[in-house]
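Please load the coordinates shown below in your viewer and keep the selection tool at hand. The tour moves from one selection to the next, and each stop says what to pick and what can be found there.

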Amino acid sequence: MGKKSTLLSRLIGAPYIVWAVIFILVPIGMVAYYAFTDVTGAFTFSNMSEIAKYTDTFLLSIWLGLLATVISLIIAYPLAYIIANSGENRQKIMMMLIMLPMWMNFLLRTYSWMTILEDNGFLTTTLNSVSEEIWGILNEALHSFGKELKPFEPIHLINTRGAVVLGMVYNFLPYMILPIYTVILKMDRSLIEAAQDLGCNKFQVFKNITVPLSLPGVVSGFTMVFVPSVSTFYISQKLGGTGTTLIGDIIETQFQTANNFHLGASLSFVLMILIFICLAVMNKFSDEDGEVII
Amino acid sequence: MASNEIIKLKNISISFDDEQIINNMNLYIRDKEFITFLGPSGCGKTTTLRIIAGFLQPDSGEVIFDGKVINDLPPHKRQLNTIFQRYALFPHLNVYENIAFGLRLRKISEKEIKETVTEMLSLVNLKGFERRNISSLSGGQQQRVAIARALAVKPKILLLDEPLGALDLKLRKDMQVELKNIQKRLGITFIYVTHDQEEALSMSDTIVVMNGGKIQQIGTPLDIYNEPKNAFVADFIGESNIIEGVMRADFWVEMAGNKFKCLDKGFGVDEDVDVVVRPEDVDIVPVEDAMISGKVTSITFKGVHYEIIVEIKGFKWMIQSTDYQEVGSTIGLVIEPDAIHIMKKSEYSGLYGDYSSFSEEFDELSDATIDEEE
Amino acid sequence: MKKKSLFSKIYPILVFGFLYAPIAVLILFSFNAGKSTAIFEGFSLRWYEEVFRDTATLEAFKNTVIVAVVSAIISTVMGTAAAIAINNYKLKWFKQATLTTTNIPMMNPDIVTGISMMLLFVFISALFGKTGTLGFTTLTIAHVTFELPYVILNVLPKLRQTDIHLSEAAQDLGCTPIQSFFKVVLPQIMPGILSGLMMAFTLSVDDFIISYFVSGTTSQTLPIRIFSMTKKRVTPDMYALSTLIFLAILVLLVISNIITAKSENKKHKQGSKKGGA
């Protein structure tokens, strides 16, 4: 190829490079800058030391985030497997059905769960009347042994940690299904046949071939669910009530109401570092194949 | 120097990542000839072609076209066109638009374009394929479209980079004949790259045998086959037994413990040489009438003949014969003087021409690899 | 085998039930005659009328579309150019550094991306002694920034798949390098560019978190408007609006699917026509 045209084809990347430096790299520098300065602009560690107060919040966020990610994986894997192994038309329709909810505004979808999980909502009242019935039967049975259960307490769904995890799973499940589906779909079918040929039964094929080969998809899905789950604030506000404050909530408060940018920046800085460490660890699990699967 | 030379390469060298691919190459190509670069993968043949086409700039040396240095001329201004290994047809255009592609760039009237496309399609026997999608064509048909597309712009030279490599054997043979016919009919220069010696022998006016970035031999197919310059050429073109020998005098060579009459002269007395004997040139005779004799170690039926491996004084010869020989039996051999070809010792001496490790599979494996030298 | 196929039939239904339950609730209550989003009091279309009367919501909708269109176009053009350049970079470390930087907005939590850009804008405006810089421009810049990686990652694989010999063949036939790009390379990578554009547009329409931090008070987008409304008790008019958007997308998707299915069918038929070897 001509030298001039090669040069040109490299130069047209310049606007992006400039853009990426100003709007990707510099802002991250800004986070670090705010994290280590006070209102006067002087260097300080006080923001960082203040973070210690939020250790429990960090731990809770990570715990709920992990829980949501693992549950998503458990739900998503069989579905991805089933979809990847069904007919072409069914595949298309099912993938469309998975993508479609994402077009409904995420805030409203979460809000809708509030309606479903409400104390006087259909789901809660049904659950409560059914379980009260069972409770009564159990109690009667136990009565003949001279024992008694505690009086029945109605179940609460909304404003619990469980509801927050449910919200996370619900919102980010497609991000888990998609990469796993893609990996299973691309898998070389002849490998499965080769394994069968060598004497694997269906379960062994699944365990020895499908699972290890789909690992990159799992890793990709894991990060795509974990990152937004850990950092969410809307889901915890709406479904977790006052009892479940996550790190995202605290950061949001610092920027939108408390106006303490420096503390907010230092919290974000730590969150970012934590997540990059998680990603680095996850990437160790997936092979050299560093391509991100979207 | 030929007056009708169209391309001349002068002291061309090129290297990638410190690896010398072409080493001080000199070559001229005559107008209207069918010339083939032949060699194993990595020998630099495709690189040479890409230098001529203008996709690569040599590190040093000159590319001369019609008497003018064209080193700095970009590919789109060169009056030569290329058939790519995988055809490189434009998948978003149909057959007609692919062939018309180069013509449209030359601001030719729609009517003329239509005439040329029709003419080209009939040249490659694809009449009626105008509206077809590229993806709906077979490999052979795609190949024809690629040829039509390149010829439509009336190049002075057509460069063909292993054009038949992706086709199956039968189709490849047909296309060989067809390409040769097209070249004769249009009277333009074809520069052809292949690793298939049979293809090279059957199509070319001139063959350039290459290895390790250097030209090993240039000549007509007959020259190359009958008078190979060194053990590499002898082994690469056809089957050869290459035996170490000593030139005792003009027309007398000693090998395999025996003296043979030959037609070669001009070597020093007692000079070490390589002796080439083609398997089909050895006659099997009763042991008592033989010049040399040996034990049959294997025999394979090849259709036209048997391929017999005979061990003579620790060296395994290949002999082709229509008569069956029992494995383990001792047979006698006769080699006529005109069946012996003497070569000077070279860097390749001792590397080729021994059938002791001969294996059918190895041979086919190395043939099947498609070369992607870049 | 039979048992497994039963599972593979029922399981997707369960998951889809889970995915669509809140959406069903949402659509149901958009037709509620009452004001509640919890108790259904009878069928009515009043909230759909309400949507078109609420000027703030309509304004937010307009802003959303404008930002999405503008940012998607900018990010697609810049991102495509960047992908071509990245594909041509020979310096390994530079290429790697560019790709890593590109990955940052995808890997970083949205909230961090949002506040980092907010801090930049606030810092710059403080430098010039201005306040209230957050608005339409900063919103668009932020959207372009988080859309760019998706455009690049959609175009790059198409560039890698494109046979380099195609561009050479075009030049061989007389194209200048620039002509060969527009005539041959561009058509090859077009599907990647289009899906990048679609993705950029979708992400922009859908984004709440990043917009929330960089939009200021003057230029609300629909998600931000919804957020401020969900702070209080939501009235079903928001549900009505979402239902309308949802249905519009559904129709678009069905149409585009039918079109691609038809064109593929056509290709398939032609493909099967081809003869032997």
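Which residues in H6(A) meet residues in H10(C)? In this predicted model, select A:Leu107, A:Leu108 and A:Tyr111 on the H6(A) side, and then add C:Pro223, C:Ile226, C:Phe227 and C:Thr230 in H10(C), which they meet. H6(A) spans residues 106-117 of chain A and H10(C) spans residues 222-230 of chain C, and the axes of the two helices come within 9 Å and cross at roughly 25 degrees. Because angles under 35 degrees count as roughly parallel, H6(A) is roughly parallel to H10(C). Colouring this contact by residue class gives six nonpolar residues, one polar residue and no charged ones.

Next, widen the selection to the whole contact between chain C and chain A, where 63 residues of chain C are in contact with 63 residues of chain A. On the side of chain C that touches chain A, the helices that each supply at least two residues include H3 (55-88), H8 (177-206), H10 and H11 (236-273) of chain C. H1(C) gives the most to this side, with 12 residues. If you colour the side of chain C that touches chain A by class, its residues divide into 48 nonpolar, 13 polar and two charged.

Stay in chain C and select H3(C) together with H8(C), which pack at an angle of about 145 degrees with their axes 8 Å apart; the crossing of H3(C) and H8(C) is right-handed. To show the contact itself, pick residues of H3(C), among them C:Thr64, C:Ala68, C:Ser71, C:Ser75 and C:Gly79, and residues of H8(C), including C:Ile193, C:Gly196, C:Ala200 and C:Ser204. By class, the contact of H3(C) with H8(C) has eight nonpolar, eight polar and no charged residues.

Now turn to chain B, for which the domain assignment gives domain 1 (5-226) and domain 2 (239-368). With each domain in its own colour, you can place a marker at each C-alpha centre; the centres of domain 1 and domain 2 of chain B lie 37 Å apart.

Begin with the sheet of six strands in chain B, an open sheet with mixed pairing and the order E6-E7-E8-E3-E9-E10. Its edge strands are E6 (80-83) and E10 (214-219) of chain B, each of which pairs on one side only, and the twist averages 20 degrees from one strand to the next. Zoom in on E6(B) and E7(B), the latter covering residues 157-161, where the two strands pair in the parallel sense over four bridges; B:Thr82 has B:Leu159 in E7(B) as its bridge partner. Then add H4(B), residues 139-152, which packs on the sheet and touches E6 and E7 of chain B, its direction making about 175 degrees with that of E6(B).

The last stop is the open sheet of five strands in chain B, with antiparallel pairing and the order E13-E12-E11-E14-E20. E13 (258-261) and E20 (340-344) of chain B stand at its edges, and each has a single partner strand, so one side of each is left without a neighbour in the sheet. Neighbouring strands of this sheet are turned by 40 degrees against each other on average, direction ignored. Finally, select E14(B), residues 271-277, together with E20(B): five bridges join these strands, which run antiparallel, and the bridge partner of B:Asp274 in E20(B) is B:Met343.

Terms used:
Residues numbered from 1 in each chain as written. Chains lettered and ligands numbered in written order. Predicted model: local features only at pLDDT ≥ 70, side-chain atom pairs only at ≥ 80, totals over all residues. Pairing = 2+ DSSP bridges. Axes fitted to C-alpha atoms, helices over the stretch in contact; angles between N-to-C directions. Contact = placed C-beta atoms within 7 Å. Parallel < 35°, antiparallel > 145°, perpendicular 65-115°, else oblique. Nonpolar A, V, L, I, M, F, W, Y, C, P; charged D, E, K, R; others polar. Left-handed = near helix turned anticlockwise from the far one by under 90°. Domains from an automatic or database assignment.
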